[in-house]
Amino acid sequence: MQKISIVGAGMTGATTAHWLAERELADLVLVDVIEGMPQGKGLDMLETMPIIGRDVEIVGSNDYAATKGSDIVIITAGLPRKPGMSRDDLLSANADIVGKAATETLKYSPDAIYVVLTNPLDTMAYLTMKLNKLPRERVIGQAGVLDSARMRAFVAQQTGVSVENIQCYVLGGHGDEMVPLTRHSNVAGIPLRDYVPADKLEAIVSRTRKGGGEIVNLLKTGSAFYAPSAAVAQMTEAILKDKHLILPCSAYMQGEYGLNDIFFGVPVMLGRGGVEKIIEYNLDADEKAQFDKSAAAVKETHEALKKLVKI
Ligand code: TXD
């Protein structure tokens, strides 16, 4: 069996374990700093396996040694947003936590591929890659699958068409400047702009951009976790099954889209090596301007990180 370790056994971490156990992809390890919590959740999930008929080993621990030999390390450790906070407000607290999670896990799993979820997402993925001195293939941030799924859900509600027929592509940084690409998105091959009236589409784009905040405001004590963790599970499956699946993910830019030295949401082909290929869409002038604006916001957070951590 392959092995996946999830650092941070809170809402997103534990729910990721749940989705992954159902897929029977790999044995699972949950690590958290809270004593007893990852052990308790791990045991509860282990006891679920006979009911759902999956042969998966699940353990929880407060010790990184339990992660030894992982094929994939998923980092969800850190603080979530509270109402009124932006993702960037989490930078200094989460940089410490993610930095430790990244370096400690690498000691035990020198070949692991990292999937990062903690916010501010693009910058925490950047930190993981730089601190661990990893090739870019081995660090992927989750943002685009979630943001695109939100848009797909809203389009499905608006049109009454199955979610399976709706493809949406939300790229750019995982922040308020994310870029929902309405020209590339479609309903069963029909461009979204031809299928949904302009005013309705504008409302969907705006709701997508604020989708994370909408849930934070409802929950009040934390942020979304079902969809984010399902997104991580889909990415992880694509990697372990070597699917060559193209998903919108945050990846390290080396000239693609004219961008360099930032993590940014783009279509990425995922396979057993991690990032196998970055797909470059042709962008029109307006889309390019939105990309550049979003990239500038991400770059700013990367620069703020560099003032806090030597990388
Ligand atoms: O799309 C996305 N990228 C995101 C990101 C979608 C949803 C949530 N997103 C971010 O993930 C969110 O803004 C947070 O930064 C993380 C984790 O969110 P979650 O909702 O899972 O937060 P919880 O429930 O508070 O869980 C975090 C856990 C908690 O149990 C802490 O005890 C633990 O992290 N934690 C640690 N674990 C291990 N090691 C250390 N140092 C540590 N510090 C805290």
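How many residues surround the ligand, and which are the closest? In this predicted model, the ligand is surrounded by 28 residues. The closest are Met11, Thr12, Asp32, Leu79 and Leu117. The site itself is a pocket: the ligand sits in the largest one.

The shell around the ligand draws on both domains. Domain 1 (2-141) contributes at least three of its residues, and so does domain 2 (144-308). Two helices also take part. Helix H1 (11-23) supplies at least two residues of the shell, as does helix H4 (91-108). By residue type, the shell divides into 16 nonpolar residues, 11 polar residues and one charged residue.

Several polar atoms of the protein face atoms of the ligand at short range in the list of contacts below. At Met11, a backbone N or O atom lies 2.8 Å from an oxygen atom of the ligand. Leu117 also makes its contact through the backbone: one of its polar backbone atoms is 2.9 Å from a nitrogen atom of the ligand. His174 uses its side chain instead. An N or O atom there is 3.4 Å from an oxygen atom of the ligand. On its own, the ligand has 860 Å² of accessible area, and the protein covers 88% of that.

Two features of the backbone were also examined. Most peptide bonds are trans, and most residues other than glycine have a negative phi. The bond between Asn119 and Pro120 is cis, with omega at about -5°. Pro120 is found in a loop, with strand E5 (113-116) on one side and helix H5 (121-132) on the other. The second feature concerns Glu24. Its phi is positive, at about 50°, although Glu24 is not a glycine. This residue also lies in a loop, between H1 and strand E2 (26-31). H1 is one of the helices that supply residues to the shell around the ligand.

Definitions and conventions. Residues are numbered from 1 along each chain as its sequence is written. This is a predicted model: local features need pLDDT of at least 70, side-chain atom pairs count only at pLDDT 80 or more; totals for chains, interfaces and linings use all residues. Side-chain values use heavy atoms; hydrogens and water are left out. A residue is near a molecule or strand if one of its heavy atoms lies within 4 Å of it. A polar contact is a pair of N or O atoms within 3.5 Å; within protein, one must be able to donate a hydrogen and the other to accept it, and residues adjacent in sequence count only if both atoms are side-chain atoms. Accessible areas come from the Shrake-Rupley method with a 1.4 Å probe; for residues, only the protein chains shown count as cover. On a 1 Å grid over the protein atoms alone, a cavity is a set of points where a 1.4 Å probe fits but cannot get out, and a pocket is an open set with protein on both sides within 12 Å along at least five of seven lines; lining residues have an atom within 4 Å of a point. A molecule sits in a cavity or pocket if more than half of its atoms lie within 2 Å of its grid points. Helices (H or I, at least four residues) and strands (E, at least two) are DSSP runs, numbered from the N terminus. Ala, Val, Leu, Ile, Met, Phe, Trp, Tyr, Cys and Pro count as nonpolar, Asp, Glu, Lys and Arg as charged, and the others, Gly among them, as polar. Domain bounds come from an automatic or database domain assignment.
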